[in-house]
Amino acid sequence: MAKVLITDKINDLAVRIVSNVAQVDNLPTMDEDKLCEIIGEYDALLVRSQTKVTKKIIEAAKNLKIIGRAGVGVDNIDVEAATKQGIIVVNSPDGNTHAAAEHTIAMMMAMSRNIPSADLSVKQGLWERSKFTGVEVYSKTLGIIGLGKIGTIVLNVAHALGMKVVVYDPYAKAEIVEKSGAKYIQNLDDFWGLCDYITIHTPKTKETANLINEDTLKKTKKGVRIINCARGGIIDEAALAKAIEEGQVAQCAIDVYEDEKHVDKSPLIKLGSKAILTPHLGASTDEAQINVALDVANQVVEVLSGRNATSAINIPALKPQKLEAVKEFMELAENIAKIASQLSKGAIKDIKINVSGKLATLDISPLEIAILKGVLSANMVGINYVNAPVMAQARGIEVKISKSTSKDDSIEVEIVSSDSHTIVKGALIAKDVKRIVQLNNYITSIEPQNNMLLVPHINKPNMVAQVASVIGADNINISGMQVAQNIEKSEKSIMIINVDSVVEESTLNKISKIEGVDRAAYISL
Ligand code: NAD
Ligand code: MLT
C-alpha cells in the first residue's frame, strides 16, 4: 500500500480521503534533517506553508510521486527540483481566495475601529469609550496593489462599503480595471498620495519585494493605513515601524511577515494598538481549509491511482496522445515564455506564437498552454496547466498562433503589451539540446537556465571584463556566456550570462552603472 506523509496542520478530511488508497502518517511539522531521514519511505507528501520542501528533502525522497500544497502559493516548495525528479506538485489555486479577501476586510475594519485593543480594555474591566474612537472607511480611498483573485473581491467589498478604489497593477488591463468602477493608476509614484488605505495582493517577486519601503512610505498620504495579507517581505517592516512611530502611517494590519519563524523579532511587535498583527491567518477558515484539503487530497488519490492531477503546477494534465507528440518542446516553450514575460513591461494585450519545422505539422495546443503558464506565472500565483488559459482569457489576453515553413524546429513567443514589445525564440537544435536563438533584436544560441543575466551594452572593448569583474566580486559563478549581436547591425550588443545563483538588485545596480551598459536584467526560470 502506498504511504502518504502529512507534515502541517491540514483538515482531517484530507486524511480520510487519502486513507482510502494509502497508509497516512500525520506528523507535526519537522525540520529539514528530520524530514530527510524519513521521506524516502513515502509516495506522497502533503504540506501547508510551514514545511519548507527543499532540494535536499526532494533528493532524499526516492519514492515520492506527488507533493500536495494545501493552499495557493508554492513558494515553500522547490518546484524545479521536484520537476527534475519527476515529482508532481499540485496546489489549490483558489480554495482560500474568499478567506484571504475576507481577512483583509476584517483587518481593515479591526484597525479602523481599534477592535483588538478595545476588546482587551473591556476584558480588563475598563470602559474607555473616547480612547477607542475610530475612523470610517466610508468615502475613503482604498489603494489596491495587485488586482488578481483576492484583490478583485476586496475591490467589490470596498465599493459596497462606499469606498473609492484606486488600483496599481501594471499587468492588469486598464479597461478591465476601470470597468469594475475603480481608477487605474499607471505609475506607482502617482498611487501613494491618493490612498487613505493601502492593501497588497501581489505575489512576492523581485519587483514586489520591499515595494513598501522608506522611500515609498514618504510618498504616502500622512495618516495612511496599510494592510498586508499577501506575502511577507513585500513591506520593509523596519521602515514601516519607523513611519508609524513618526506618524506618517497611522496604523498597519499585517498577516504575513519577513521571517514568520521569528516574528517576535519583528519591529512591528512593539507598536501596540497601531499594529494589528495576525499569525498568517488569511486562509484559516473552516471553509477554506476544507476546500484546500479536498483539492489536494483528491489529487493525491488520483495520482496514486495512476490518473491525472487536476491542478498540477509542473506536469500538464493533457491527453497523453496530444502531449506525446510535442513533449520534447514543452519545457522550452514554457521557459521562453517565462523569459519573454519577465522582459515585457505593462499589461499584456496579445501573445503571438509562431512555430516552425516539425511543429508546424502538429497540434501544438499543449505548447500554447505551457506558454500561457510561463507568461502568467511571472506575476500571478497558483497558475497551472489547467487554469492558465482561463486566467489569460480573464485578463483579456488574446493568443494568436501562426506556423511558418522554415525548417528549424523552433517556437517564437511575442508579447505585445501596453508598454513594450518582446520577442523570444527558442529552438531544439539536436535531441534534448534546447537553445534561446533570439532575444528581441539579438541573435544568439544559449541554453535557457534558471538564473540568467541580460546586459545590453555598447559594443566596445573591455565591456565583458568589467561586467564579469562585478559578478565575480559579488561571488556569483558564471556558467555560460554569449555576446549577441544586434540584427540591425547597430553598435549595441547584449551579454547573456548564465549564472549559478540568484542575482540581487544591488549587483544589477552595480552592473548598470558601468559606462556603456543599459539597465541589466535578471531572469529566473
Ligand atoms: P493572483 O495571482 O490572482 O493575483 C496577483 C496579482 O498581482 C495579479 O493581478 C498580478 O498582475 C499582480 N501583480 C504582480 N506583480 C505586480 C506588481 N509588481 N505590482 C502590482 N501588481 C502586481 O493572486 P491571489 O490569489 O489574489 O493572491 C494574492 C497574494 O495573496 C499572493 O501573494 C498569495 O500568496 C497571497 N495569499 C495569502 C494568503 C494568506 O493566508 N495570507 C492566502 C491566500 C493567498
Ligand atoms: C497560501 O499561499 O495559500 C496562503 O499563504 C495560506 C497558507 O499558507 O495556507
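A polar contact, as the term is used here, is a pair of N or O atoms within 3.5 Å, and in this structure a polar side-chain atom of H280 lies 2.7 Å from an oxygen atom of ligand 2. The model is a predicted one, and this briefing takes up its two ligands and then two of its sheets. One of those sheets is an open arrangement of seven strands with parallel pairing, while the other is an open sheet of ten strands in which the pairing is mixed.

**Ligand 2 and its surroundings**

- The residues that surround ligand 2 are R48, S49, R69, G71, V72, G73, N96, R231, H280 and A283, and by class this shell holds two nonpolar, five polar and three charged residues.
- Besides H280, whose polar side-chain atom lies 2.7 Å from an oxygen atom of the ligand, the side chain of R231 has an N or O atom 2.6 Å from an oxygen atom of ligand 2, and N96 places a polar side-chain atom 2.8 Å from an oxygen atom of ligand 2.
- Ligand 2 would expose 260 Å² if it were taken alone, and the protein buries 94% of that area.

**Ligand 1 and its surroundings**

- Ligand 1 is surrounded by 30 residues, of which the closest are I150, D169, T202, V381 and R395; the shell divides into 15 nonpolar, nine polar and six charged residues.
- Backbone atoms approach oxygen atoms of this ligand at several points: a backbone N or O atom of V381 lies 2.7 Å from an oxygen atom of ligand 1, a polar backbone atom of T202 is 2.8 Å from an oxygen atom of ligand 1, and for a polar backbone atom of G148 the distance to an oxygen atom of ligand 1 is 3.3 Å.
- Taken alone, ligand 1 exposes 870 Å², and 98% of that is buried by the protein.

**The sheet of seven strands**

- The strands of this open sheet follow the order β8-β7-β6-β9-β10-β11-β12, and their pairing is parallel.
- At its edges stand β8 (183–184) and β12 (275–277), each of which pairs on one side only.
- Strand β7, made of residues 164–168, runs parallel to β8 and is joined to β8 by two bridges, and within this pair of strands V167 stands opposite Y184 in β8.
- Helix α7, covering residues 149–160, lies across β6 (141–145), β7 and β9 (197–200), and the helix runs at about 175° to β6.

**The sheet of ten strands**

- Here the order of the strands is β14-β13-β15-β16-β17-β18-β20-β21-β19-β22, in an open sheet with mixed pairing.
- Because β14 (398–403) and β22 (521–524) stand at the edges and each has a single partner strand, one side of each is left without a neighbour in the sheet.
- On average, and with direction ignored, neighbouring strands of this sheet are turned by 20° against each other.
- Strands β18 (residues 442–446) and β20 (residues 478–486) run antiparallel and are joined by two bridges, with Y442 standing opposite N486 in β20.
- Helix α14, which spans residues 365–376, packs on the sheet, where the helix touches β13 (348–355), β14 and β15 (410–417), and its direction makes about 140° with that of β13.

Note on methods: Residues are numbered from 1 along each chain as its sequence is written. Chains are lettered from A and ligands numbered from 1 in the order in which they are written. This is a predicted model: local features need pLDDT of at least 70, side-chain atom pairs count only at pLDDT 80 or more; totals for chains, interfaces and linings use all residues. Side-chain values use heavy atoms; hydrogens and water are left out. Two strands pair if DSSP finds at least two bridges between them. Helices (H or I, at least four residues) and strands (E, at least two) are DSSP runs, numbered from the N terminus. Contact means heavy atoms within 4.5 Å. Axes are lines fitted to C-alpha atoms, for helices over the stretch in contact, and angles run from 0 to 180 degrees between N-to-C directions. A residue is near a molecule or strand if one of its heavy atoms lies within 4 Å of it. A polar contact is a pair of N or O atoms within 3.5 Å; within protein, one must be able to donate a hydrogen and the other to accept it, and residues adjacent in sequence count only if both atoms are side-chain atoms. Accessible areas come from the Shrake-Rupley method with a 1.4 Å probe; for residues, only the protein chains shown count as cover. Ala, Val, Leu, Ile, Met, Phe, Trp, Tyr, Cys and Pro count as nonpolar, Asp, Glu, Lys and Arg as charged, and the others, Gly among them, as polar.
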